[in-house]
Amino acid sequence: MIYKMRNYMKYFILVILFLLSFSDLDFAQDTTKQVQYRRGIELQPGYQSYDEKYFEKNILEEKRSKFPLQSTGVWTELNPKVPRVDYIGINFVNKDTGWACGDLGAIIKTTDGGNSWTTCNTPTTNILLKISSCDGQVVMATGYDGTVLKSTDGGVNFFQILSPAGIGNDLWGIQLINDTLGWACGTNNLVMRTTDAGTTWQNVLVGTNNAYWWIDFIDYNYGFIAGSLGKIFKTTDGGNSWQTLQAVPTNVSFYTIDVIDSLHIAAAGSGGVNIYSSDAGQTWTQNNVLLINAVNCIAFVNSDTGYAIGEDFGVAKTTNRGQTWVPSLNFIGDWQLQLLQNNVGYCVGNGLKIFKTDGSYDNWRKIILNDNLKDVFFINEATGFAVSAGAFGQLFKTNDYGINWHSVIGAPGGYDVVFLDSLIGLIADDNSKIYKTTDGGLNWFLTNVPGVIGEVRKLFFINKSTGWAITIWSNQSNAKILKTTDGGENWFVQTQQSASDGFTSIYFIDRLNGWATSRYIWQTTDGGNNWIQKSYLPNDHHDDVFFANKDTGWVAMYSSILPSLYNTTDGGENWSEINAVVGARKFYFFPDPKHWIILGFSRYYFTNDGGNNWTEFTDEVPKGLNSFQSFNNINGYCVGTNGLILRYDDTSYIPVELVSFNASIKNRKISLHWQTATELNNYGFEIQRCQTTDMNGL
């Protein structure tokens with residue numbers, strides 16, 4: 001199919017199809033919104049429902065793509081090696097052994113204090129909300145639609161238990177009191193008890209309420225339940241009878257309760273409301289509201305000092321029974337924290353957040369790398385860097401082939417990282433900044449950029465001195481193309497967009513000839529001093545551009561359901577649609593110029609013949625890949641969302657194809673003769689000679 005500017009009708013049809021593709025996407029998950037996991041209550045502003053998250057998606061495929069990759073022989077998952085989901089519940093039986101549970105039936109276990117985790121086998125795709133164990137051998141988890149899972153082998157394998165709860169009854173609380181007695185609670189007036197370690201469950205009438213969110217017993221007899229409509233429920237006889245305690249205000253849903261001891265109880269919930277009782281729940285003091293949407297978990301270490309956790313505010317601390325709260329560390333978790341003895345604690349949250357404290361309850365550290373990684377660059381096979389963007393963007397480094405990664409203290413995050421050699425590197429920041437290192441990434445300094453330039457999304461260098469950077473449009477700045485001629489020390493603007501558009505990619509084949517993409521395709525023949533707007537393709541949105549020479553090039557267009565890869569062989573005058581590729585976004589290259597990878601919305605492709613033929617490898621890898629980089633033709637690394645890091649090892653790739661090889665001996669001299677069909681990434685041949693008695697004395 002050939003496109004020219006005069007093909008208005010074909011262009012119009014493509015635009016309609018493009019808009020329809022976006023109308024389909026409107027019903028899919030909005031990744032900018034958090035999920036409101038509490039069902040049966042009004043959807044809060046800025047949130048999406050669980051059903052919206054998985055609208056028209058294959059839930060089994062979602063689970064496969066979010067769970068750890070089993071090595072395909074080519075791709076190996078290096079991080080995080082646990083399901084990349086939101087974690088809602090956590091429970092430790094001692095400082096070392098514990099479990100966390102979350103979306104898509106995920107349960108993970110550690111026996112070394114969170115240094116390493118294994119993924120447990122579960123028979124469900126339902127979200128699991130809470131998990132509990134008393135002795136470390138029997139472990140139970142509860143979740144959506146009355147799901148109850150049980151393990152009898154220390155939480156390695158789980159099987160499903162038939163419970164009285166059915167569809168629509170979500171079990172938000174579970175606690176095992178001993179090896180046989182346990183309680184669970186949830187929505188729709190649901191409270192259940194087991195006396196045979198979860199084999200059977202009986203409904204228990206507690207009171208009139210529409211939801212029970214949390215249950216906490218301190219011994220066999222004495223326990224409390226946090227409910228909606230401002231109600232707290234108490235038992236002193238092992239749950240045979242319950243007393244309804246009406247707290248204030250009456251419209252609050254209490255999502256969490258902590259029975260500190262027989263007299264002191266703390267509870268909190270919607271709207272940041274938190275209450276405290278010093279007389280076993282007979283009277284309650286309403287404290288100052290925490291400045292957050294809701295408190296999901298509250299835990300005290302003594303009658304005065306406690307901690308609270310919720311979405312969008314992390315952990316807050318009180319030393320006066322909740323009268324005042326001080327943030328201790330933001331955004332370390334969202335859903336549950338557990339404080340153990342000797343200043344050890346754990347908390348979990350959305351986006352694979354798992355944090356630990358082991359020196360002070362006020363100091364928390366991330367124990368699983370979960371950043372949304374935007375780019376990766378290896379300077380050799382063992383040493384590499386990855387960056388995440390945003391307010392908490394970071395630079396990570398590995399020295400052991402990607403096995404372990406650590407945050408580089410004082411380094412910036414960003415969207416793009418590139419090294420010009422083993423010492424000199426640059427990072428494109430998302431706040432009008434470009435950073436540089438000259439000591440291999442140990443220290444970074446700001447380069448000189450011309451004022452506010454917007455978010456820098458890509459860097460491209462043709463050699464160690466000359467390079468370009470592109471920015472997207474923002475409220476403070478138009479999109480720009482910048483250039484440097486001194487290795488990134490100083491930058492100047494070459495061109496900018498006046499409309500609300502943004503440059504998405506840039507590529508040069510030499511110091512003069514280059515192309516850039518936005519809604520249009522741009523071309524320069526004088527090193528970027530002048531750019532010509534090309535409109536030979538439908539100008540919806542172009543994500544990436546690559547030219548092998550002045551005539552032959554490719555462009556990736558923004559679409560998740562339409563063919564999105566186009567090729568030109570006449571310098572961009574005419575373009576051919578490549579139907580075999582859908583959802584193309586970014587090109588990544590091996591040293592062999594015929595060997596590429598394309599990463600798209602959720603589909604991935606590779607070519608071994610310079611783009612003539614494409615093979616899809618979507619089913620071989622998880623979703624969420626953002627970037628790829630290879631330092632030779634058989635090894636490379638991919639990074640993506642929630643800390644996803646994959647290693648690529650293609651042992652089937654043949655750098656040298658041998659046609660013939662012959663050896664002859666004459667006058668004690670050996671002559672070797674060979675012929676090759678192809679030599680890709682070949683740095684030479686090594687000839688060795690051995691001396692044996694089987695070679696006529698040679």
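Is G102 buried or exposed? In this predicted model, G102 counts as buried because its relative accessibility is 0%, and buried means under 20%. The residue is found in strand β6, which covers residues 98-102. Leaving aside neighbours within four places in sequence, G102 is in contact with D86, Y87 and I88, and also with N126, I127 and L128. A distance along the chain can be set beside a distance in space here: G102 and A141 are 39 residues apart in sequence, and their C-alpha atoms are separated by 9.8 Å.

With that residue as a starting point, the whole chain can be introduced. The protein chain has 698 residues, of which 55% count as buried. Its secondary structure comprises three helices and 61 strands. Among contacts between residues at least 6 apart in sequence, 41% join residues at least 24 apart.

Y87, one of the contacts of G102, leads on to the nonpolar interior. The largest nonpolar core has 33 residues, and those with the most contacts inside it are Y37, Y87, W117 and I354. Two elements, β5 and β30 (345-349), give two or more residues to this core. Of these, β5 gives the most, with four residues. Apart from this core lies another one, of 29 residues, with Y222, I257, L337 and C347 among them.

The surroundings of Y87 can be listed in more detail. Not counting neighbours within four places in sequence, Y87 is in contact with V82, A100, C101, G102, A106 and I108, and further along the chain with W335, V348, G349, N350 and L352. C101, included in that list, counts as buried because its relative accessibility is 0%. C185 is buried too, with a relative accessible area of 0%. As for links between cysteines, a search of the whole structure finds zero disulfides.

Empty space is the next topic. Rolling a probe the size of a water molecule over the atoms shows where such space is left. The second largest pocket has a volume of about 940 Å³. It is lined by 35 residues, and the closest to its centre are N91, Q175, D216, D258 and Q338. Which strands each supply at least two residues of this lining? They are β5 (87-92), β9 (128-133), β13 (171-176), β17 (212-217), β21 (254-259), β25 (297-300) and β29 (336-339). Strand β5 thus appears in two settings, as a contributor to the pocket lining and to the largest nonpolar core. By class, the lining of this pocket has 24 nonpolar, seven polar and four charged residues.

Closed spaces were also counted, and the search gives two cavities of 30 Å³ or more. The second largest cavity has a volume of about 40 Å³. Its lining is made of C134, D135, V138, L176, N178, D179, T180 and A197. These residues divide into four nonpolar, two polar and two charged. L176, one of the residues lining this cavity, falls within β13 (171-176), a strand that also supplies residues to the lining of the second largest pocket.

Several loops can be described in a similar way. D145 lies in the loop between β10 (139-143) and β11 (148-151). Beyond its neighbours within four places in sequence, D145 is in contact with R39, N126, A165, G166, I167, G168, N169 and D170. The C-alpha atoms of D145 and D170 are separated by 5.0 Å, while the two residues are 25 apart along the chain.

T187 has its place in the loop between β14 (182-186) and β15 (190-194). At 5% relative accessibility, T187 counts as buried. Residues up to four places away in sequence aside, T187 touches R39, G168, N169, D170 and W172, as well as N210, A211, Y212 and W213. R39 is therefore a residue to look for twice in the structure, as it is among the contacts of T187 and of D145. The C-alpha atoms of T187 and A165, 22 residues apart along the chain, are separated by 9.5 Å.

A last loop, between β45 (505-508) and β46 (514-517), holds N513. N513 is buried, with a relative accessible area of 8%. Its contacts, leaving aside neighbours within four places in sequence, are Y507, F508, T524, T525 and K550.

Terms used
Residues numbered from 1 in each chain as written. Predicted model: local features only at pLDDT ≥ 70, side-chain atom pairs only at ≥ 80, totals over all residues. Heavy atoms only, no water. Disulfide = S-S within 2.5 Å. Buried < 20%, exposed > 50% of the residue type's maximum accessible area, 1.4 Å probe, protein only. 1 Å grid on protein atoms, 1.4 Å probe; cavity = no way out; pocket = protein on both sides within 12 Å on 5 of 7 lines; lining within 4 Å. Points joined across faces, edges and corners; volume = space filled by probe spheres on them. Nonpolar A, V, L, I, M, F, W, Y, C, P; charged D, E, K, R; others polar. Core = buried A, V, L, I, M, F, W, Y, C linked by side-chain atoms within 4.5 Å. Contact = heavy atoms within 4.5 Å.
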